[in-house]
Amino acid sequence: MGNPSGFCFESNRYLRNIQTNGMIERIRTFIQANNIPQPPFTAIAGLSGGADSVVMTHVLTRLGYDVVPVHCNFHLRGAESDRDEQFVSDLCDKWGLQPRIIGFDTLSHAKNKGISVEMAARELRYAYFEEIRSQYGNAAIFVAHHSDDSIETMLLNLIRGTGLAGLCGIKAVNGHIMRPLLCISRDDIENYAKENGLPYVTDSTNMQNDYMRNKIRNKLIPLLKEINPDVIKVLLTDIENFSGAYDIYKASTEKQLREILQSDGKVSRLDVSKLSEVPDKETLLHEWLKKHGFNPSQTKQIASCKNAENGTAFQSRSHVLRKEGGFWTLYEKEPGSEPGSISINDILKIEETNDTTIIKSKDTAVFDASKLQFPLSVRKWQEGDRFHPIGMGGKTKKVSDLLCDLKMPVREKDKVLVLLSRGQIAWVIGIRPDERFKVTPSTKRVIKATIKPPRDS
């Protein structure tokens, strides 16, 4: 009969080729269906040295792309980071590719920017990818996220509460960033690497549960598989359904916003009376404001401000939303300040004290510290500003009316400033504090604000 081992070997190799070619065709079909640029095209390929990126680079080469491998050494894992860099260099040399390799001081970047190490690494990585991409006329950035990554992202967003948009997983195309492996799983990738004898390195931190994503990968998903062995298939179907629902939802909210929003390119105004007719004001406000840095808690507060006074304001890092007349008006902040704002340190000396003595002086005002919300800000008073002058039993009054009652000359009116606590007037500076922030017998901590003398000219 002869030795069958040769037949078995050839048969196994034949099966491996079928499996490899089958996966490549799945990826090719996915690329075409999602309008990912096809060869001839330059693929700036993120190559960490892990199985995902090694397989992606191998597949892109077989598909005919002009592959430019890019490796970032974030110097976060000591000798292991340097091992990965050397591995990528050796692999590219073996494959005849010219890698672009760079090292970063990630910890310093995170500290300087005041962000997490994970976010710092992401910023540095994509900035470098984009720098290389811009050097080529016909190129895009290819990264090796797969279907398991998309599921992890969906669960991560569900836990964080990012809304319907966050349940749609990872996009195949996001600007110049392409993700051609979203149609295959981690198991598919590992099988492909094994079948084709592809070496790769393993990041030891993937097994550490310091990050929420790792906890989801290493703990939550295995638990879900115990509950339902088909949970991966179910969650991928959910992502498709959520994506379809989000497309409908997005089209509807964008149509509603166009009907109630006015914009001149710099300032946007939302008609309050028309907003009141919308069934879900909070959802619509969220879709408008999230791209400008406002969080869900702020959106909820804004939606509940049915009868907000003029001058009421909310801030994100980049924008200010202020009630002006019948509109919520959105301004982009000038660098380092709110539109119309003045450096508070140039105007006032702010002190915290336990002395609850009421000070009767036009140059000094005291406030219950527990009632103020920081950061405080100073700006010129505006038409429509209202506050609750102390001594009026909680009644409101327009700042303009107060200045008229004082028979203040127009030249002096223009100089009047107000101290704001989260958009609410706490003090018409030098004239009258607001009742809502006054010191009472139950006050324990006091904020004392004193007008600084003008600097010598």
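Buried here means under 20% relative accessible area, exposed means over 50%, and partly exposed is whatever sits in between (1.4 Å probe, protein chains only). With that yardstick, Asn-35 comes out as exposed, at 66% relative accessibility. The structure is a predicted model, so local features need pLDDT of at least 70 and side-chain atom pairs count only at pLDDT 80 or more, while totals for chains, interfaces and linings use all residues. Residues are numbered from 1 along each chain as its sequence is written, and side-chain values use heavy atoms, with hydrogens and water left out.

Start with the overall picture. The chain carries 15 helices and 21 strands; these are DSSP runs numbered from the N terminus, helices being H or I over at least four residues and strands being E over at least two. Its radius of gyration is 30 Å, where a compact globule of 457 residues would have one near 23 Å. That radius is taken over C-alpha atoms, and the globule rule is 2.2 Å times the number of residues to the power 0.38. Along the principal axes, the C-alpha atoms fill a box of roughly 115 × 50 × 45 Å. Of the 457 residues, 40% are buried.

Contacts tell more about the fold. Counting a contact as heavy atoms within 4.5 Å, residues 24 or more positions apart account for 67% of the chain's contacts with a separation of 6 or more. The exposed surface of the chain is about 25,300 Å², and carbon and sulfur atoms supply 51% of it; areas come from the Shrake-Rupley method with a 1.4 Å probe, and for residues only the protein chains shown count as cover. As for charge, there are 63 positive and 57 negative side chains, and the centres of the two sets lie 6 Å apart. Lys and Arg count as positive and Asp and Glu as negative, with His and the chain ends not counted; each charge is placed at NZ of Lys, CZ of Arg, CG of Asp or CD of Glu.

Next comes helix α5. Its 17 residues, 117-133, reach 24 Å from first C-alpha to last, close to the 24 Å expected at 1.5 Å a residue; the expected span is 1.5 Å times one less than the number of residues. Buried positions in α5 include Ala-120, Leu-124, Tyr-128, Phe-129 and Arg-133. The cover over the buried residues of α5 includes strands β1 (42-46), β2 (66-73), β3 (100-103), β4 (139-142) and β6 (177-178), along with helix α4 (106-113).

A few backbone oddities are worth a look. Most residues other than glycine have a negative phi, and most peptide bonds are trans. The loop between α1 (5-33) and β1 holds Pro-40, which is joined to Pro-39 by a cis peptide bond with omega about 0°. Asn-35 is found in the loop between α1 and β1 too, and has a positive phi of about 55° although it is not a glycine. Lys-407 also has a positive phi, near 50°. Its place is the loop between α14 (399-405) and α15 (410-413), and at 73% relative accessibility Lys-407 counts as exposed.

On the buried side, Asp-149 sits in helix α6 (residues 147-160) with a relative accessible area of 8%. Setting aside residues up to four places away in sequence, Asp-149 touches Asp-52, Ala-144, Ile-170, Arg-186, Arg-213 and Arg-217. Ala-144 belongs to the loop between β4 and α6 and is buried at 14% relative accessibility. Its contacts beyond four places in sequence include Asp-52, Met-56 and Leu-181. Gly-50 is 94 residues from Ala-144 in sequence but 9.7 Å away in space, C-alpha to C-alpha.

Ile-189, in helix α7 (residues 186-195), is buried with a relative accessible area of 0%. Among its contacts, leaving aside neighbours within four places in sequence, are Ala-51, Asp-52, His-146 and Leu-181. Ala-369, 180 residues from Ile-189 along the chain, has its C-alpha atom 58 Å away. Tyr-246 lies in helix α9 (residues 231-260) and is buried at 14% relative accessible area. Beyond four places in sequence, Tyr-246 is in contact with Leu-164, Ala-165, Cys-168, Glu-287 and Lys-290. The C-alpha atoms of Tyr-246 and Ala-165 are 6.4 Å apart, with their positions 81 residues apart along the chain.
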